Amino acid sequence: MQITFWGAARTVTGSMHEVDTGDKRYLMDCGLYQGRRQQSFELNSTLPFAAGSVEAVLLSHAHIDHSGNLPTLVRRGFRGPIYATPATVDLCHAMLLDSAYLQEKDASFLNKRHERRKSLLGKNNNNHPVTPLYTIADAENVLSLLQPVELHTPVEAGPGLRYQSYEAGHMLGSTAMVVESDGVRLAFSGDVGRPGLPIINDPEPMPKVDYLIMESTYGNRLHKPIEEVRDKLAAVVNRTAGRGGKVIAPSFAVGRTQQVVLMLHELMEAGQIPQIPIFVDSPLAVNATEIFRKHPGAFDAEARGFLERGEDPFGFNHLRYIREVSESKALNDLHGPYVVISASGMCEAGRILHHLKNNIEDPRNTVLITGFQAENTLGRKIVDRWREVPIFGEPVRLRAEVVKLNELSGHADQRELLLWLKPMADSLKKVFLVHGEPSQQAALAKAIREQYDLPVEIPSRGQSFSLE
Ligand SMILES: [Zn+2]
């Protein structure tokens with residue numbers, strides 16, 4: 001077996017790893033690279049192999065940085081099966097269509113801006129019309145290739161490659177996987193969750209394997225205990241409401257939004273936060289919440305408790321889900337206090353941009369960051385407290401409070417990653433670290449070498465390794 005790293009190599013997005021069995025080529029994940037616009041477009045649109053030569057894709061979970069370039073793969077000629085859990089398949093329907101919609105909208109925005117400048121300046125600065133990376137039709141073509149496979153069910157993914165998935169505890173439907181070819185067993189962590197996260201099950205112990213490709217997002221971080229997250233959330237809401245301000249929470253539409261909603265539900269029931277309006281303003285989050293309701297089998301005991309009491313974990317008085325653009329815009333005129341949860345999680349697109357633009361200049365308000373913010377994203381600039389941040393190409397003063405809720409991270413910290421690796425440590429010949437920024441990777445590599453005496457590689461993009 002040979003593996004080649006095409007994405008999430010010394011960075012956190014664009015997860016894509018190639019597995020060659022000699023005569024067949026497989027992909028683990030086919031994610032979207034997210035970062036600077038031009039570089040992202042080039043990396044996402046240029047596949048380093050013929051798409052039609054890929055036998056099958058094994059998809060760890062539905063997050064766009066793991067699934068979001070499937071439409072490009074299909075647009076270029078891939079027609080094989082894409083194996084994923086039933087919840088991931090359902091989520092991909094909503095997420096890939098949403099991603100394609102954003103790609104189309106982004107391209108048309110750029111083209112309109114270009115036309116406007118051209119007519120204002122009376123000259124053409126040689127910019128060709130921008131084409132979207134992929135279209136809604138491309139995304140629709142992915143959907144028929146998705147093959148639901150339950151956790152733990154072994155599948156022949158194609159000639160010479162057996163695949164089996166395990167609970168990764170990172171989001172609804174998320175998996176770590178083991179592939180086996182010619183007696184060599186390779187595990188891929190996907191994204192490893194934190195034990196104790198709201199709603200979803202904890203990551204499960206992995207079987208013994210020869211090699212491991214492992215994420216390292218928080219390889220140099222120790223999260224605060226998850227138990228503290230509710231108190232911290234309550235404090236943020238109380239403090240902001242006390243100022244008459246708004247809590248603006250950029251949040252991944254799938255997973256994080258439902259977790260925040262569930263916790264606000266609990267806090268409001270317990271009287272720990274005031275009875276203020278809470279809005280989930282994201283059509284994707286609304287659709288994703290419906291998909292969550294369809295898969296209670298993947299819930300943990302806490303979320304199942306709501307169902308057993310006949311309550312809806314994702315619905316309560318004071319909570320409103322917003323689909324329509326007009327209703328979303330109407331929020332601009334509504335005085336605080338209120339909470340609005342909106343996507344995208346890294347503030348790169350979607351309705352959150354309007355909420356940020358209209359509210360971050362007011363120091364009564366709070367931007368509540370609930371997830372990881374990659375380098376060069378607007379979310380990262382807000383976390384780093386730039387004095388001014390660019391929104392829709394215009395500088396906006398950042399005067400709102402900024403609070404990070406790192407505890408809710410869907411990613412295990414260093415201690416949790418080391419514990420997750422433990423059941424495999426005896427049999428492993430080598431660990432490959434992916435999905436992390438260099439400083440996080442270096443620290444985790446050191447910790448793995450010290451604790452388990454294992455060789456660790458930090459592959460760069462395009463690097464291949466033979467596994468025997
Ligand atoms: Zn993920």
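In this predicted model, strand β12, spanning residues 246–250, lines up with β16 in the parallel sense, and two bridges hold the pairing. One spot where the two strands meet is easy to pick out: I248 sits opposite V367 of β16.

Strand β16 itself covers residues 366–369, and β12 isn't its sole topic of interest here. β16 also runs parallel to strand β19 (residues 401–404), this time with four bridges joining the two. Along that pairing, I369 of β16 faces K404 in β19. So what about the two faces of β16, are they buried or exposed? Both turn out to be covered. T366 and L368 point to one side, V367 and I369 to the other, and each of these four residues is buried. That puts V367, the residue opposite I248, among the buried ones, and I369, the partner of K404, is buried too.

Turning to the cysteines, how many disulfides does the model have? The count comes to zero. For C30 the reason is plain distance: a disulfide needs two cysteine sulfurs within 2.5 Å, but the closest cysteine sulfur to that of C30 belongs to C92 and lies 11 Å away, so the gap is too far for a bond. Seen from the other end, C92 is likewise in no disulfide, with the sulfur of C30 as its nearest cysteine sulfur at 11 Å.

As for their surroundings, C30 is buried, with a relative accessible area of 0%. C92 is buried as well, and its relative accessible area also comes out at 0%.

Conventions:
Residues are numbered from 1 along each chain as its sequence is written. This is a predicted model: local features need pLDDT of at least 70, side-chain atom pairs count only at pLDDT 80 or more; totals for chains, interfaces and linings use all residues. Side-chain values use heavy atoms; hydrogens and water are left out. Buried means under 20% relative accessible area, exposed over 50%, partly exposed in between (1.4 Å probe, protein chains only). Two strands pair if DSSP finds at least two bridges between them.
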